[in-house]
Amino acid sequence: MSNRNQLVRDNFINFVRSAKLPTSSVTLSPSDVGLSHSEIVDIFESQVMSRHLDLQSRIMQKNGQSFYTIGSSGHEGNAAYAKAFKPTDMAFLHYRSGAFVIQRSKQVPGQTPLYDMLLSFAASKDDPMSGGRHKVLGSKALSIPPQTSTIASHLPKAMGAAYSIPLAKRLALEGNIPENSVIICNFGDASSNHSTTQGALNSTAWAAYQSIKMPIVYICEDNGIGISTSTPEGWIAANYQNRAGLTYLYCDGLNVLDTYLKARHAEHLARQYGKPVFLHMRTVRILGHAGSDAEFVYRKESAIEATEFQDPLLHTARILLENDILGAEQIIRIYEEIEQRIARIALQAITKPKLDSAEAVKGSIAPAISYSAKHAKYHKPLSDEQRAPLFAHEKHNISKKQHMAKLLNWALMDLMAENENIVMCGEDIGTKGGVYNVTSKLCERFGKNRVINTLLDEQSILGLAIGMAHNGFLPIPEIQFLAYVHNAEDQIRGEAATLPFFSNGQFSNPMVIRIAGLAYQKGFGGHFHNDNSFAVFRDIPGLILACPSNGADAVEMMRASVRLAREQQRLVVFLEPIALYMTKDLHAEGDGLWTSEYVTPLSEAESAKSITESQGVSVYGKGKRLCILSYGNGYYLSRQAEKLLTEQGVECRVVDLRWLAPLDEKGIIEQANECENVLIVDECRKTGSISEALFTLLAESAHTQSNVNISRIAAHDSFIPLGNAAYHVLPSTQQIVEEALILVGKQASPMLDVITAKVGSA
């Protein structure tokens, strides 16, 4: 044990024995707050357990047996507020919550928190939460979703979970979270400055200000410092004390009596009245930020010692002594016996097996989930008679061919009618029907509780969806434009996608995230409305990325995406090419070749087929001279090029990738092997585009014929400018034709410069 760790450990014993204890301005007795003497001792034991776990972790790290030492020392007061809530109140916790977890575990029979945490420290695959993937504080039995080194990224989903509790009641649905529950979410003072905190608290207050119930208690554990940067004195109170829509409370987190009392008050306001509470809890940080943090570099020794003297364990010892609950030697005995107990358990934990293969590590990225009655609870296929009134407003159009936007709208109408737990959320999706009318009439048909107009904050939109998914909803959030997702990408990458991984498949947050995007759009211009990069999604393990190019595929793929979320609990991003929403024609104005009939949902027997059957590529043409691989707008342009190439005597086939993550590698290779040449057409930027992955796939695959020639066309590495200048940096039909002719060894015909229908034409 290092000198500092040993000093903190020994100081407790020496100060208690010498009666040199910190004082408090709080004058409360156990009876004042409704706690018995035995309950005070119980809380103290939880605090001591948390402290010795921290110290043991550092011993293990020194011996190469532990790998993560951010601890809870100084924050052990959260054991007191853990006691104030029910164990079914879902808790989204930051990494200094060891005492909370231990105290809550005492409310649920059969828990072994010390062993569990030590297994987590040791990265053992026997760790009951993460299976050895990370040190996390989490437990399915304790209603604590796992968190790693979160910096406030858990607040938006806590907000969403809080919103979902009364929502389930309004919709008469039975959620995963009990009806009268409260959400708990704690974080540090430094994290309060993060945009995710600001967004989540603002969204909570925004809803509460409109008298929407938000049963949540946010607990800001204010230790006054973030790694080495001090929080200005009074900053937290000044920021949140008079915030509209939030009830601000303060407690001395060093005093378990005051903490418990204020937490009970916060719990009452949230549970009985649905009011969101901001509980500002004073605390301290002991032993630095983590084991590797040399605190003496940026803090004076005197300041470190003064902080250590305000140890919450010493404050609780003072309460025990002042109220004649325990004597000094009894307190020390508890402290030393718990230390010895944890050391013994650690000796067992370090011997337990670790993850031993890449397959084992990846096993929880997309765990196999058996489709059950639980997943099907709110899925009720409609008969033709039930569907008729749903589409009464479209009775004259339902049998006509339509463009993608209309067909998607109808598909969403059917899906919401068949799945009572689908809730949509996003900017302007309500009465307005979205920027492109894709959500038109949905709010009118299903109400504002299922088609939620959100405030303008992508982090909160996705956090709302994640939180609702925790409560058994199947959310379909909408991000209005692809470029806007970057404001909130960590909600997908760091939160939604990692939940199954860090919980070993025990928790999931299934959803379908609709995003309008890609280039070639007219009317709007410039980067934010014509973004042509989705690289942010391509390296997120477990994420499914769908991108239809036409209305018929959009309907089929949206239904498949919902099934993936419902039956396999998957996270799906559904990327909708804006420029193709209203496109009707392919080769000439009025040909209507890019419209499709609406196919009603399959029968229950037909839809029971494997989802993987609908996750492959689609192929147009049977030519063997040239295979064009593309997606989205690129597929549309390639279909135009195919006609012109056929007229030049080049027989080709055009493959629509459709599902961009994971790629249908088998289907792609099969189509490539049917042809002499392969041309990849990618509307996204050359660097970081999917064309790189396709080129690599074909080059590395042992199943690709060695005599296949491969080339690619991609957009320039440029942002999209305004107006017609955009077409200088994007692939065109003519460019595809010219590159194809070069690839197959033919010269372009002088008659090639013909007029074709353009992407985005009506």
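**Exercise 1. Find the loop that holds Pro662, and describe the peptide bond that leads into Pro662.**

Step 1. Pro662 sits in the loop between strand 19 (659–661) and helix 26 (665–673). Helices (H or I, at least four residues) and strands (E, at least two) are DSSP runs, numbered from the N terminus.

Step 2. The peptide bond from Ala661 to Pro662 is cis, and its omega is near -10 degrees.

A note on the model: it is predicted, so local features need pLDDT of at least 70 and side-chain atom pairs count only at pLDDT 80 or more, while totals for chains, interfaces and linings use all residues. Residues are numbered from 1 along each chain as its sequence is written, and side-chain values use heavy atoms, with hydrogens and water left out.

**Exercise 2. Work out how helix 7 and helix 19 cross.**

Step 1. Take helix 7 (residues 155–170) and helix 19 (residues 458–470). Their axes come within 6 Å and cross at roughly 55 degrees. Axes are lines fitted to C-alpha atoms, for helices over the stretch in contact, and angles run from 0 to 180 degrees between N-to-C directions.

Step 2. Classify the angle. Under 35 degrees is roughly parallel, over 145 roughly antiparallel, 65 to 115 roughly perpendicular, and the rest oblique. Helix 7 and helix 19 are therefore oblique to each other.

Step 3. List the contacts (heavy atoms within 4.5 Å). Helix 7 contributes residues including Pro156, Met159 and Leu167. Helix 19 contributes residues including Gln459, Leu464 and His470.

Step 4. Sort the contact residues of helix 7 with helix 19: eight are nonpolar, seven polar and one charged. Here Ala, Val, Leu, Ile, Met, Phe, Trp, Tyr, Cys and Pro count as nonpolar, Asp, Glu, Lys and Arg as charged, and the others, Gly among them, as polar.

**Exercise 3. Find the residue with positive phi in the loop between helix 7 and strand 4 (183–188).**

Step 1. Ala172 is found in this loop.

Step 2. Phi of Ala172 is near 55 degrees, a positive value in a residue other than glycine.

**Exercise 4. How many cavities of 30 Å³ or more does the structure hold, and what lines the largest cavity?**

Step 1. The structure holds seven such cavities. On a 1 Å grid over the protein atoms alone, a cavity is a set of points where a 1.4 Å probe fits but cannot get out; lining residues have an atom within 4 Å of a point.

Step 2. The largest cavity has a volume of about 140 Å³. A volume is the space filled by probe spheres set on the points, which are joined across faces, edges and corners.

Step 3. It is lined by 18 residues, with Ile365, Pro500, Gln569, Arg570 and Leu571 closest to its centre.

Note on methods:
1 Å grid on protein atoms, 1.4 Å probe; cavity = no way out; pocket = protein on both sides within 12 Å on 5 of 7 lines; lining within 4 Å.
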